[in-house]
Amino acid sequence: MICETFDIKNENSQEYARLNTYLISHSDSIKTETRPLIILCPGGGYWFTSEREGEMLALQFVAAGFHAAVLWYSVKPATFPTALLELAKSVELVRKHAKEWHVDPDKIVVEGCSAGGHLAASYGVFWHEDFVSNKLQVSKDILKPNGMILSYPVITSGEFAHRGSFNNLLRDQYTEEMLEKTSLEKQVNEYVPRAFIWHTYEDTVVPVENSLLFATELRRHHIPVEFHLFERGCHGLSLANELTDNPQGERIQRECECWITMAIAWMHNL
């Protein structure tokens with residue numbers, strides 16, 4: 001496996017912002033020529049980026065035969081659209097190096113947990129907007145995501161909002177107009193890619209209505225979506241097993257462990 005770190009900063013980025021890649025070494029003795037690549041965005045309420053939702057998830061996808069990358073994006077005091085542009089730069093970087101890295105350029109997926117899910121879904125709804133391509137000075141085609149995996153995502157700024165995420169994301173931009181713009185169920189359009197979404201009924205931090213609202217709008221716009229609602233499980237499960245359990249031993253939920261297997265099967269069918 002080849003691991004590298006890349007600079008994806010823009011003028012408003014924090015110093016730590018970077019993309020860490022985990023590329024499976026190409027071998028002439030293996031039939032596979034190119035592989036999908038997944039870019040993971042850890043959660044943390046746009047206040048921090050959770051190590052529990054980064055490298056360990058990436059390695060699960062690598063073990064399944066995919067390339068992976070983890071985006072350590074800028075959070076508070078950075079505001080919208082700083083992290084979004086860092087994700088766009090990451091997709092551009094991967095697609096520009098697709099041949100060299102043996103990446104299938106038509107199978108680049110963005111993933112996010114919690115607020116990282118908001119970032120990934122934001123990219124899904126905004127990647128085609130002029131403000132993204134103009135800022136990066138690239139064509140829109142190179143920025144296209146081919147799929148989204150959203151794990152207990154922050155989506156709505158309305159009744160079921162995780163208010164802290166929007167406070168941190170918007171700060172001095174916290175207006176009704178920007179709340180509307182970043183309430184992603186209201187921004188679904190024809191350019192949004194297919195999605196895999198999972199959530200738990202017992203999540204009291206980011207209520208399941210976030211995923212339900214988004215999945216409903218995807219369906220309304222005829223965008224394919226696979227959605228899994230698990231009865232049990234608190235927020236921030238990550239892999240839901242010992243590999244990503246927190247120090248307090250609160251993040252193991254056997255019923256939810258299967259989500260990663262289902263997401264891997266979904267990626268195989270892109």
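At what angle do helix α1 and helix α9 pack, and how far apart are their axes? Here are a few points on this predicted model, starting with that one.

1. **The α1/α9 pair.** Helix α1 (residues 55-63) packs against helix α9 (residues 259-268) at about 50 degrees, and their axes lie 11 Å apart. The angle is neither under 35 degrees nor in the range 65 to 115, which makes α1 oblique to α9. The crossing of α1 past α9 is right-handed.

2. **What touches what.** On the α1 side, the contact involves L57, Q60 and F61, which meet W259, I260, I264 and M267 of α9. By class, that contact has six nonpolar residues, one polar and no charged.

3. **Two cis bonds in one loop.** You may like to look at the loop between β4 (67-72) and α2 (82-96), where P77 sits. The peptide bond between K76 and P77 is cis, with omega about 15 degrees. P81 is also found in the loop between β4 and α2, and the bond from F80 to P81 is cis as well, with omega near 5 degrees.

4. **The second largest cavity.** K76 and F80 turn up again here: both are in the lining of this cavity, together with Y46, S74, V75, A78, T79, T82, A83, N168 and L169. Its volume is about 50 Å³. Helices α2 and α6 (163-170) each supply at least two of the lining residues. The lining divides into six nonpolar, four polar and one charged residue.

5. **H102 and the largest cavity.** H102 is not a glycine, yet its phi is positive, at about 60 degrees. This residue lies in the loop between α3 (98-101) and β5 (103-113). H102 also helps to line the largest cavity, along with I24, S25, H26, S27, I30, T32, E33, R35, H67 and W101. About 60 Å³ of space lies in that cavity, and its lining has three nonpolar, six polar and two charged residues. Over the whole structure, the search finds three cavities of 30 Å³ or more.

6. **The largest pocket.** How much space does the largest pocket hold? The volume is about 270 Å³. Among its 15 lining residues, G44, F48, E53, H235 and G236 are the closest to the centre. By class, the lining of the pocket counts nine polar residues, three nonpolar and three charged.

How values were computed. Residues numbered from 1 in each chain as written. Predicted model: local features only at pLDDT ≥ 70, side-chain atom pairs only at ≥ 80, totals over all residues. Heavy atoms only, no water. 1 Å grid on protein atoms, 1.4 Å probe; cavity = no way out; pocket = protein on both sides within 12 Å on 5 of 7 lines; lining within 4 Å. Points joined across faces, edges and corners; volume = space filled by probe spheres on them. Nonpolar A, V, L, I, M, F, W, Y, C, P; charged D, E, K, R; others polar. Axes fitted to C-alpha atoms, helices over the stretch in contact; angles between N-to-C directions. Helix = DSSP H or I, 4+ residues; strand = E, 2+ residues; numbered from the N terminus. Parallel < 35°, antiparallel > 145°, perpendicular 65-115°, else oblique. Left-handed = near helix turned anticlockwise from the far one by under 90°. Contact = heavy atoms within 4.5 Å.
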